[in-house]
2 protein chains.
Amino acid sequence: MSLTEALIAALGPDCVRTGADIPVRNRQDEAGYPPVEPLALLLPRDTAGVATALRLCHAAAQPVVVQGGLTGLVGGGQPQPGEMALSLERLRGVAVDVVTATLTAWAGTPLAAVQAAAAAAGLHCGIDLGARGSCTIGGNVATNAGGNTVIRYGMARRNVLGLEVVQPDGTVLSGLNRMLKNNAGYDWTQLYIGSEGTLGVITRVVLALHPAPRGLRSALVALSGVEAALALLAELEGAFAGGVQVFEGMWREFMGLAGGTLGLPGPFAPMPEMVVLIEVACPDAAAFEDRLGALLEAGVIADAILARSEAERARLWAWRESPYLMTGMAPRFAHFDVSIPRGAIAAAVEDLRAAQAAHWPAAPTAIFGHIADSNLHVMIPLQDGDPPTEAVEAAVYAVVAAHAGSVSAEHGIGIAKRRWLPLSRSPAELALMRTLKAALDPRGILNPGRVIG
Amino acid sequence: MSLTEALIAALGPDCVRTGADIPVRNRQDEAGYPPVEPLALLLPRDTAGVATALRLCHAAAQPVVVQGGLTGLVGGGQPQPGEMALSLERLRGVAVDVVTATLTAWAGTPLAAVQAAAAAAGLHCGIDLGARGSCTIGGNVATNAGGNTVIRYGMARRNVLGLEVVQPDGTVLSGLNRMLKNNAGYDWTQLYIGSEGTLGVITRVVLALHPAPRGLRSALVALSGVEAALALLAELEGAFAGGVQVFEGMWREFMGLAGGTLGLPGPFAPMPEMVVLIEVACPDAAAFEDRLGALLEAGVIADAILARSEAERARLWAWRESPYLMTGMAPRFAHFDVSIPRGAIAAAVEDLRAAQAAHWPAAPTAIFGHIADSNLHVMIPLQDGDPPTEAVEAAVYAVVAAHAGSVSAEHGIGIAKRRWLPLSRSPAELALMRTLKAALDPRGILNPGRVIG
């Protein structure tokens with residue numbers, strides 16, 4: 001009996017698909033690699049099914065790619081030739097516990113459904129990102145997802161209280177803790193957060209929930225540069241401690257590209273060096289406006305546009321979300337997710353501009369991102385005559401390395417960034433990662449080749 | 001040449017003490033075990049010294065106990081016969097970086113000095129506990145310390161951005177990250193947080209700092225029980241999102257014992273079932289008083305005492321801090337640090353009262369603690385005729401296990417709680433902990449016998 005036959009016998013024929021029955025969506029993620037047909041697509045319905053699938057694959061030393069919402073940008077969920085695909089998409093459902101202010105969700109639940117369940121209970125999920133409608137909470141935790149509200153609620157890791165994980169050999173680790181304090185031995189759940197499915201498969205997640213933010217105020221602010229933006233951030237955090245929810249920076253080249261994409265004139269004339277989208281939870285609207293007025297008078301900010309309705313708020317967000325509309329506008333886009341220590345961001349931006357001037361002078365180097373979190377995104381629309389994408393990557397990552405930054409802020413490493421990882425991690429750190437991989441997945445069957453070699 | 005001679009040659013004679021030259025303080029921690037003289041006390045001055053010490057001990061398969069401020073309550077830093085003691089006390093110093101809102105501290109720096117450095121820069125350290133004057137930041141991180149402001153800033157883990165760690169063989173892992181987002185491969189630092197020095201030795205720590213809380217309001221509140229306390233918590237978190245700094249519950253038996261210790265009548269008459277000490281950062285004093293007034297009128301709280309000066313605030317805190325004065329008041333004290341899911345706390349308290357009635361009827365079972373974090377402390381002053389401490393422990397931990405709680409909320413496992421760990425962790429979880437220990441400390445030289453066998 002082949003492994004696929006054994007999986008059909010153990011899981012049931014409705015839980016295993018092969019050949020043309022494997023949907024297009026399970027053949028690639030959003031990293032842009034060509035589709036690959038896995039040996040089979042496994043669709044277990046519960047933790048026991050996941051355990052059975054892994055136990056059989058482990059016994060056969062069969063490589064397995066783990067799939068959530070397939071919204072990843074680094075090839076983590078992208079099948080490689082000869083892999084079996086294990087999708088968590090049938091493990092869905094959320095239960096909120098108001099007394100502990102937690103929820104327990106199956107890994108395949110879309111993030112938006114998790115957020116909705118929290119909101120229906122009068123509480124707030126601290127994880128949010130653009131792909132919320134299609135990404136899954138299991139994938140969010142496996143990749144330690146970031147997003148727009150990390151400044152307030154932290155990365156996915158900070159929101160996780162407990163996990164259920166299936167180890168590569170099918171052993172189930174149950175750690176569905178709902179308590180803020182639990183120092184009963186090693187907190188093994190930390191290992192599985194952010195290891196991109198290479199050490200075990202997350203099947204259930206317990207999240208700590210937050211009070212719903214009240215009185216969200218939104219504004220687009222014009223600034224002389226990132227130093228002024230960081231001064232503004234310090235002012236807002238001092239004045240509205242625990243209230244700053246969003247602080248998204250956009251440099252002038254980005255605003256130009258976004259304006260072209262949206263077909264809009266810039267929100268400020270002349271175009272400032274930097275625009276920041278801020279959102280602050282502040283029940284007293286006047287207090288927020290007064291504070292911005294004082295900052296304007298003090299010269300910290302140059303101008304501001306306040307949103308006075310949901311429609312106006314959406315118009316402010318359109319600038320920040322314009323990259324979702326950009327990708328069709330150039331033959332190829334080089335895009336980056338990196339982090340730079342806050343004190344070095346200004347210098348790194350100048351270095352990126354110098355790299356552009358030297359190597360791809362006609363393609364604007366559009367920089368934006370979560371500057372409070374040190375996280376910069378870069379979008380470069382390359383034309384046919386521009387250097388190959390790999391050369392652009394080498395130039396950008398050289399700037400990141402020169403400023404002691406990280407080649408991945410929130411997207412992870414997957415396959416796409418593996419070659420750049422040594423720019424951000426020492427040989428001793430990489431050796432430790434390999435030691436952990438060997439200890440927890442001795443046959444190397446889980447997401448092989450992702451993150452480390 | 002003996003190992004001690006080799007260590008003296010490599011580190012210098014001023015960095016190694018033996019025999020009577022080993023201070024009393026390095027022979028025990030605060031767990032209450034009798035003092036033990038280590039083979040030698042190693043006092044390296046820097047990371048290279050720690051690496052040299054471990055490299056030599058590793059080569060000789062010499063067990064090493066790692067010592068910070070020696071304020072631990074579970075025997076983690078308590079030498080065992082035949083161990084070499086490695087103290088981090090000479091690795092001291094703090095540097096604050098205001099732009100990234102972080103600080104970098106050497107492991108042996110007392111927590112109070114870390115807090116003072118943050119405050120001097122106009123920022124706030126999110127780690128705070130009673131032993132702040134003598135515990136060290138390295139020990140706080142190695143044990144994932146909790147404390148009184150976990151409700152606002154989380155456990156030590158949540159405050160850590162980066163670490164420098166020396167592995168048992170002397171390899172230095174440098175991960176002094178200062179960025180909120182960094183998904184460049186496995187976040188190996190998480191492994192060393194809370195593993196109580198059994199996997200590696202933390203030499204430096206990067207902490208994320210917070211805006212200084214403004215307008216701290218303190219009150220002692222009388223409540224009908226823990227359900228009312230949790231309702232009050234939800235009201236305060238909704239009204240002052242991100243502002244609730246302290247929420248410390250004290251049951252009536254605790255208030256009675258505390259009153260006897262302090263020589264004071266109870267703050268409320270008659271004694272309520274529960275008293276909670278709350279602190280909220282709220283620049284507008286009237287808003288805080290108005291909210292408490294409304295909660296009084298709504299019947300959520302039964303009574304309240306507001307602190308109107310630092311002296312009044314200290315009088316409120318005296319109740320919560322009275323356990324530091326209690327230990328001399330009975331021939332032996334059984335004391336506990338456990339956690340119980342918030343929804344089960346009321347039932348667990350009743351079960352503990354029933355255990356008292358059945359087994360130690362004359363010794364009050366004084367329960368208090370960080371109820372928002374699920375963390376209960378229990379102090380039981382036992383008289384000579386009462387059951388042996390171990391029997392009391394068995395009864396208390398049985399209640400914890402029955403309510404799916406944790407045998408350690410914040411103190412860790414060390415030696416003292418190792419036998420109780422299987423009440424809170426499954427065989428698969430314990431096996432995983434042993435796998436990690438074997439992978440990262442293959443010779444088993446670091447803090448042997450602590451946490452796991």
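This briefing describes how two chains meet in a structure and which cavities the structure holds. The model is a predicted one. In it, 76 residues of chain A are in contact with 77 residues of chain B. Three cavities of 30 Å³ or more are counted, and the linings of the largest and of the second largest include residues from both chains.

**Area of the interface**

- The size of an interface is often expressed as the accessible area that is lost when the parts come together.
- Between chain A and chain B, about 5,800 Å² is buried, and carbon and sulfur atoms give 60% of this area.
- On the side of chain A, the residues that lose the most area to chain B are A:Lys181, A:Asn183 and A:Tyr186, which together account for 18% of what that side buries.

**Polar and charged links**

- Five salt bridges are counted between chain A and chain B.
- A:Lys181 and B:Asp373 form a salt bridge through their side chains, with a distance of 3.3 Å from N to O.
- A:Lys181 thus appears under two headings, since it is also among the residues of chain A that lose the most area to chain B.
- Polar contacts between the two chains amount to 36 residue pairs, with both residues at pLDDT 80 or more.

**Elements on the chain A side**

- Several elements of chain A each supply at least two residues to the side that touches chain B, including helix H5 (150-153), helix H6 (156-159), strand S9 (172-175) and helix H8 (226-239).
- Helix H15 (427-440) of chain A also belongs to this group, and H15(A) gives the most to that side, with nine residues.
- By class, the residues on the side of chain A that touches chain B are 33 nonpolar, 29 polar and 14 charged.

**Cavities**

- Empty space left among atoms is revealed by rolling over them a probe the size of a water molecule.
- The largest cavity holds about 60 Å³ of space.
- Its lining includes A:Tyr186, A:Asp187 and A:Trp188 from chain A, and B:Ile193 and B:Leu436 from chain B.
- H7 of chain A and helix H7 (189-192) of chain B each supply at least two residues of this lining.
- The lining of the largest cavity comprises six nonpolar, two polar and one charged residues.
- The second largest cavity has a volume of about 50 Å³.
- Among the residues that line the second largest cavity are A:Ile193, A:Ser195 and A:Leu436, together with B:Tyr186, B:Asp187 and B:Trp188.
- This second lining divides into six nonpolar, two polar and one charged residues.

Definitions and conventions:
Residues are numbered from 1 along each chain as its sequence is written. Chains are lettered from A and ligands numbered from 1 in the order in which they are written. This is a predicted model: local features need pLDDT of at least 70, side-chain atom pairs count only at pLDDT 80 or more; totals for chains, interfaces and linings use all residues. Side-chain values use heavy atoms; hydrogens and water are left out. Contact means heavy atoms within 4.5 Å. Buried area is the accessible area (1.4 Å probe) that two parts lose on being put together, summed over both. A salt bridge is a side-chain nitrogen of Lys or Arg within 4 Å of a carboxyl oxygen of Asp or Glu. A polar contact is a pair of N or O atoms within 3.5 Å; within protein, one must be able to donate a hydrogen and the other to accept it, and residues adjacent in sequence count only if both atoms are side-chain atoms. Helices (H or I, at least four residues) and strands (E, at least two) are DSSP runs, numbered from the N terminus. Ala, Val, Leu, Ile, Met, Phe, Trp, Tyr, Cys and Pro count as nonpolar, Asp, Glu, Lys and Arg as charged, and the others, Gly among them, as polar. On a 1 Å grid over the protein atoms alone, a cavity is a set of points where a 1.4 Å probe fits but cannot get out, and a pocket is an open set with protein on both sides within 12 Å along at least five of seven lines; lining residues have an atom within 4 Å of a point. Grid points are joined across faces, edges and corners, and a volume is the space filled by probe spheres set on the points.
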